[in-house]
Amino acid sequence: MTVTASATTSAPQTFFVGNSGGSGFAEVEIDQEANDIVNDPVNNVLYLSVPGAAPTNGNTISVISLASAQITSSPFAGSNPDALAISDDSAFLYAGLDGTAQVQRFTLPSLTTDISYSLGRNSTFGPYHALDLQVAPGAPHTTAVTLAVTGVSPSADGGVVIYDDANPRPTTLPGFGAVGGGLFDSLQWGSDDTALYADNNEDSGDDFYTMTVNLSGVTLDNDYSGTFSDNDRRIHYDSGTKLVYADDGHAVDPSSGNPAGQFSIAVNNVMVPDSTIDRAFFVGESSGAATITAFDLTKFTTIGSPIMIPSVSEFPTRIVRWGNNGLAFITFQGEVYLVGGNFVH
């Protein structure tokens, strides 16, 4: 909707009406299993990567309209789509296809298939898949991919590669076990396409890595061990605060590797920062319910009371922001939850 006053019309806003909720928020549950979720703010939709074994819409990119809170289309994506990344101009969606060891690019909003590229294979353990995949800021044709092998622990054996469209840059970072390598599990670009960050969430090293990207490829600058805790987390960069935040509650200054603060949370949460509203949101599951907690992004203190989403039996695996007052999260082999309202401000 829009609001007009004194000959000035506001930007369009999504007025979210859920089928359940509580004080200050509404909530919608969508029965769709997904591996990953990203927000498209230009087209006002969410994209889901749906694995081949899902009960519905397997091997698709399913589209959730935020205007209707429903899945409106599910075009075929390829074999077992997993990691997703969207360019900051909403021109392209990239999907890691675990079943064929590829990355597939789609043009938006039509989701027409575009270029694809193979991720190669490990000589001992077989094909690589995209453990994480991120599009460079301001450079929609450039992606960073960290390569992993299914069924191997630790899995991040292939290192980090920078691609321009389907073309890999020659300088790459080796993965686990190689000289100069590391466990690059979760990736985030910095404020531009020259800075890249990663973390090790597979062993007790809990490393934070800073990297430089140029036209030749990617090089490792620093390896800060013991930065994080709680394996299986992701990291998140916020261009407003210029800090890296982790699902385990830690925040780090990438310019120095020093701790910048810590949110007081339980284990097994996932989070999303948003400096435009000075908030960080964490969601976790316990005793069959999900709890969403809001924090001041710079003071690391809680804001208001947490909200409870009942009948959530699986732990959340990813949470994203949408619109001015919306959150969405997916759960392990479970459902998608849309939450909106005053709580998110």
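# Strand pairing and burial

Me: Opposite Arg 121 stands Pro 127, which lies in strand 14; the model is a predicted one. How do you know that strand 13 and strand 14 pair?

Reply: Two bridges join strand 13 to strand 14 (residues 126–136). Pairing requires at least two bridges, so the requirement is met. The two strands run antiparallel.

Me: Which sheet contains these strands, and in what order?

Reply: An open sheet of five strands, ordered 13-14-15-16-17, with antiparallel pairing.

Me: What makes strand 13 and strand 17 edge strands?

Reply: Strand 13 (121–122) and strand 17 (167–168) each pair on one side only.

Me: What holds paired strands together in general?

Reply: Strands of a sheet pair through backbone hydrogen bonds, in either a parallel or an antiparallel way.

Me: How do you know that strand 26 pairs with strand 27?

Reply: Six bridges join strand 26 to strand 27. At least two are needed, so they count as a pair. They run antiparallel, and Asp 274 stands opposite Arg 279 of strand 27.

Me: What is the order of the sheet with strand 26?

Reply: The order is 26-27-28-29, in an open sheet of four strands with antiparallel pairing.

Me: Why do strand 26 and strand 29 stand at the edges?

Reply: Strand 26 and strand 29 (307–310) each have a single partner strand, so one side of each has no neighbour in the sheet. On average, neighbouring strands of this sheet are turned by 20° against each other, direction ignored.

Me: Where is Asp 278, and why is it called partly exposed?

Reply: Asp 278 is in the loop between strand 26 (269–274) and strand 27 (279–286). Its relative accessible area is 25%. Buried means under 20% and exposed means over 50%; 25% falls in between, so Asp 278 is partly exposed.

Me: Which residues does Asp 278 touch, leaving out those up to four places away in sequence?

Reply: Phe 295, Asp 296, Leu 297 and Thr 298. The C-alpha atoms of Asp 278 and Thr 298 are separated by 7.0 Å, with the two residues 20 apart along the chain.

Me: Why does Thr 60 count as buried?

Reply: Thr 60 has 6% relative accessibility. The cut-off for buried is under 20%, so Thr 60 qualifies.

Me: Where is Thr 60, and what does it touch?

Reply: Thr 60 is in strand 7 (residues 60–65). Not counting residues up to four places away in sequence, Thr 60 touches Leu 48, Ser 49, Val 50, Ser 74, Pro 75, Phe 76, Ala 77 and Pro 81.

Terms used
Residues are numbered from 1 along each chain as its sequence is written. This is a predicted model: local features need pLDDT of at least 70, side-chain atom pairs count only at pLDDT 80 or more; totals for chains, interfaces and linings use all residues. Side-chain values use heavy atoms; hydrogens and water are left out. Buried means under 20% relative accessible area, exposed over 50%, partly exposed in between (1.4 Å probe, protein chains only). Contact means heavy atoms within 4.5 Å. Axes are lines fitted to C-alpha atoms, for helices over the stretch in contact, and angles run from 0 to 180 degrees between N-to-C directions.
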